[in-house]
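Me: I'd like to go through the labels on this model one by one and ask what stands behind each. Could you walk me through the reasoning?

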Amino acid sequence: MSGSNCTQATEFSLAGFTEDPATQVAQFLLFLLTYLATIVGNLGMIALIRVSPLLHSPMYYFLGNLAFVNLCSSTIIAPRMLAGVLLGKKGIAYAGCMAQVFTLGLFVVTECFLLATMAYDRYVAVCHPLLYPLVMSPARCSRLVAGSYLLGLTNGMGQTIGMSSLFFCSSSAIDLFFCDISLLISLSTSDTTLSRVILRTSSSLLGVPSILVVLVSYVAIISTVVSISSAEGKRKAFSTCASHLTTVSTFYGALIFMYLIPRSDTSRGGDKWAAVLYTVVTPMLNPLIYSLRNQEVKEAWRR
């Protein structure tokens, strides 16, 4: 039931991290540098993949799309957060909040399935190298990427439609630096049972399968690599997967903590840092991880 003693919210207040002015200055500079590094790194990765013949392969086609998704997901959060710290404005309009719910729902799920697709690509490359050109054909790669975006779009639309039926008091404050759907559901004065079921179901139906694809792919990869007699062969096989494993660990770890681990609304103290990890830190680190650990990318940069 909607609250009878309050009016429907036209905007929300974002708590951010701190009220201390000195700390806010340091926070602003830190997040500004992080966002600039994210823009330069991901745009540089996209441009490098497009212009370098060395990187015209399925693995880098997926990586280019991952860089695009990282750039978009970071841009949804960082500029609004930086403007809020700089101008001291914590309010975000209801429409802007719903836009964040939609776009984050789109790009987070898209990234989940892109990472799963990249794990499958590494599985085929390591375990079935002779079939790799046939299995990972350009047409199939395009379909896999298009499917990732389509699933992300479906999630974004579903979450936004579910949120549109909820009622919020005009004094609603979100204890985070962006509009997170799980916190919004907690703030609603409506019956949120259906919304919580939708959120948990979508997280399970979309998140768990992508995690399983990654796990099964790497179990098969490790099994194959262990059977390789050459130490150099093992090193080369593991080196092609190390960057992806690093990205998967940070991204999925934060998402599992945020959305799949049951806990009460009063025990969400680590949500801010988990949110920072997958919305701010991971998009910045991905280009660095793939640049520093991948020999082909380093060679392309040198050329």
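**Labels and the values behind them**

Reply: Gladly! Of the 303 residues in the chain, 48% are buried. Keep in mind that this is a predicted model.

Me: Why is leucine 206 called buried?

Reply: Its relative accessibility is 16%, and buried means under 20%, so leucine 206 counts as buried. This leucine 206 sits in helix α7, which runs over residues 193-226.

Me: What is leucine 206 in contact with, leaving aside its neighbours within four places in sequence?

Reply: Leucine 206 then touches Val109, Phe113, Leu151 and Asn155. Take phenylalanine 113: 93 residues separate it from leucine 206 in sequence, while the C-alpha atoms are 8.4 Å apart in space.

Me: Why is tyrosine 61 called partly exposed, and why is phenylalanine 62 called buried?

Reply: Tyrosine 61 has 34% relative accessibility, which lies between the cut-offs of 20% and 50%, so tyrosine 61 is partly exposed. Phenylalanine 62 has a relative accessible area of 0%, under the 20% cut-off, and is therefore buried.

Me: What makes tyrosine 61 and phenylalanine 62 a tilted aromatic pair?

Reply: The structure holds six aromatic pairs. In the one formed by tyrosine 61 and phenylalanine 62, the distance is 5.9 Å centre to centre and the angle between the planes is 50 degrees. The centres lie within 6.5 Å, so the rings pair, and because the angle is neither under 30 nor over 60 degrees, the pair is tilted.

Me: And why is the pair of phenylalanine 177 and phenylalanine 178 called edge-to-face?

Reply: Here the ring centres are 5.1 Å apart, within the 6.5 Å cut-off, and the planes stand at 70 degrees, over 60, so the pair is edge-to-face. Both phenylalanine 177 and phenylalanine 178 are buried. Elsewhere, Phe12, Tyr94 and Phe168 form one aromatic cluster.

Me: How do you know that the radius of gyration agrees with a compact globule?

Reply: For 303 residues, the rule for a compact globule gives a value near 19 Å; the chain has 21 Å, so the two agree. The C-alpha trace spans about 70 × 40 × 30 Å along its principal axes.

Me: Which residues does the annotation "transmembrane region" cover?

Reply: According to the unreviewed UniProt entry, the annotated spans include residues 60-79 and 91-116. In the model, residues 60-79 are 100% helix, with end C-alpha atoms 28 Å apart. Residues 91-116 are 88% helix and 12% strand, and their end C-alpha atoms lie 36 Å apart. Overall, the chain has 10 helices and three strands.

Technical notes: Residues are numbered from 1 along each chain as its sequence is written. This is a predicted model: local features need pLDDT of at least 70, side-chain atom pairs count only at pLDDT 80 or more; totals for chains, interfaces and linings use all residues. Side-chain values use heavy atoms; hydrogens and water are left out. Buried means under 20% relative accessible area, exposed over 50%, partly exposed in between (1.4 Å probe, protein chains only). Helices (H or I, at least four residues) and strands (E, at least two) are DSSP runs, numbered from the N terminus. Contact means heavy atoms within 4.5 Å. UniProt positions are given in the numbering used here, feature names are shortened, and annotations may be inferred rather than shown by experiment. The radius of gyration is taken over C-alpha atoms; the globule rule is 2.2 Å times the number of residues to the power 0.38.
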